[in-house]
Amino acid sequence: MFSLDPKLAAKLKPHLKRVLVLESNPAYARILMDMLRVLGVEKVQVENDDRRAEVLCETFDPQIIFCDLKGPKLEGAKFITALRRSDLPCRKIPVIMMAPNELPETLKEARDCGSDEIMKKPFASGDLLKRLEHVVTKSPPWIEAVMYVGPDRRRFNSGSGPSTRAPETMSDGMKRIEQSVRILRAASQQFDTDRKQARRAITAQLEVLVPACKAIPHPEFKGAVTEIFQAYKSSSMTGDMLKAPVAVLARLFKIEDAPGAGKAA
């Protein structure tokens, strides 16, 4: 069934101790379970109800999830979105969505909910191995924004990204900082809409921007980041407290107002 390189098998093994399969079709679930066992998966849990799957994530703590797009008691995109925004230890694990097609609207739904990969059904052993290898060995950066939480969507199934990317002339480090400014900008604008996720997004961006003060000597950059950090430490932080310093950062990076700007790539 598999022609597995020993080196790849060694890389996959630590990530295949606990796998959750959320699949509404028993035949597909059985086929996938058989394939996973050949690969050496130690424990596989199968569920066809997304509500029960949420509870199972707490007790089973999966390392990888395979999730069907839709079923009688299953809305795969909603399940993945909820997982990514939860407080569960497994919220950042690889999720491979399974769908009956790879139409643009299906790819968009899978990408926007926060899944790492999409696998068209019916699938062969080679399809499974390719997806597993990708999520284990080539995991993209994590995006913690307000409108989106999950792996960097620009790398989803090698698809193209949104037009809000940083200029190609920027270094990778500067691109990461520029993206953090975009996400921080959106978080300040959406702070009162979803305070929990906005604060989580701000925390993640400060982890990028505070160290960047050493690499970017511009006094306005450091001053704006310091002001944001002070607001963040305040127990009464509001979106309005962030808007002025975030506007300074946006101006420095020449980020203009545009529909959807800062929604995370």
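1. Lys254 is exposed in this predicted model, with a relative accessibility of 74%. The residue belongs to the segment after H10. Its phi is near 55°, a positive value in a residue other than glycine. As background, most residues other than glycine have a negative phi. The backbone of Lys254 therefore merits a mention alongside its accessibility of 74%.

2. Asp61 also has a positive phi in a residue other than glycine, here near 50°. Asp61 sits in the loop between helix H3 (50-60) and E3. Its relative accessible area is 29%, so Asp61 is classed as partly exposed.

3. A further backbone feature is the peptide bond between Lys121 and Pro122, which is cis, with omega at about -5°. For comparison, most peptide bonds are trans. Pro122 is located in the loop that runs between E7 and helix H6 (125-137).

4. The sheet comes next. Its 5 strands follow the order E2-E1-E3-E6-E7, and the sheet is open, with parallel pairing. E2 and E7 occupy the edges; each has a single partner strand, so one side of each lacks a neighbour in the sheet. From one strand to the next, the twist averages 20°. In general, the strands of a sheet pair through backbone hydrogen bonds, in either a parallel or an antiparallel sense.

5. How is strand E1 placed with respect to the rest of the structure? Of the 5 residues of E1 (residues 18-22), 4 are buried, so the strand is largely enclosed by the rest of the structure. In the strand order, E1 stands between E2 and E3.

6. The pairing of E1 with E2 (residues 43-47) is parallel and comprises 5 bridges. Two of the residue pairs can be named. Arg18 has Lys43 as its bridge partner in E2, and Val21 has Val46. E1 and E2 also belong, together with helix H2 (residues 26-38), to a β-α-β unit that is right-handed.

7. Which strand does E1 pair with over 4 bridges? That partner is E3 (residues 64-68), and the two strands run in the parallel sense. Within this pairing, Leu20 stands opposite Ile65 of E3. The loop that holds Asp61 lies between helix H3 and this strand, E3.

8. At the edge strand E7, Glu117 deserves attention. Strand E7 covers residues 117-120, and Glu117 is part of it. Is Glu117 buried or exposed? Its relative accessibility is 5%, so the residue counts as buried. The side chain of Glu117 makes a polar contact of 3.3 Å with the side chain of Arg131.

9. Helix H4 (residues 76-84) includes Arg84, a residue that is buried at a relative accessible area of 1%. Which backbone atom lies 2.7 Å from a polar atom of the Arg84 side chain? The atom in question is the backbone oxygen of Arg91.

10. Thr81 is placed in helix H4 as well. In contrast to Arg84, which is buried, Thr81 counts as partly exposed, with a relative accessibility of 29%. The Thr81 side chain reaches the backbone oxygen of Ala77 at 2.9 Å. Between Thr81 and Arg91 there are 9.6 Å in space, C-alpha to C-alpha, and the two are 10 residues apart in sequence. Arg91 thus appears twice in the description of H4, through its distance to Thr81 and through the approach of its backbone oxygen to the Arg84 side chain.11. Helix H10 (residues 239-252) packs against helix H9 (residues 219-233): the axes come within 9 Å and cross at roughly 155°. H9 is therefore roughly antiparallel to H10. The crossing of this pair is left-handed.

12. H10 also packs with helix H7 (residues 172-189), at an angle of about 155° and with the axes 9 Å apart. The arrangement of H7 and H10 is accordingly roughly antiparallel, and their crossing is left-handed. Lys254, described at the outset, is found in the segment after this helix, H10.

Note on methods: Residues are numbered from 1 along each chain as its sequence is written. This is a predicted model: local features need pLDDT of at least 70, side-chain atom pairs count only at pLDDT 80 or more; totals for chains, interfaces and linings use all residues. Side-chain values use heavy atoms; hydrogens and water are left out. Buried means under 20% relative accessible area, exposed over 50%, partly exposed in between (1.4 Å probe, protein chains only). Two strands pair if DSSP finds at least two bridges between them. A crossover is right-handed if, with the strands pointing away from the viewer, the path from the first strand over the helix to the second runs clockwise. A polar contact is a pair of N or O atoms within 3.5 Å; within protein, one must be able to donate a hydrogen and the other to accept it, and residues adjacent in sequence count only if both atoms are side-chain atoms. Axes are lines fitted to C-alpha atoms, for helices over the stretch in contact, and angles run from 0 to 180 degrees between N-to-C directions. Angles under 35 degrees count as roughly parallel, over 145 as roughly antiparallel, 65 to 115 as roughly perpendicular and the rest as oblique. A crossing is left-handed if the near helix is turned anticlockwise from the far one by less than a right angle, and right-handed if clockwise.
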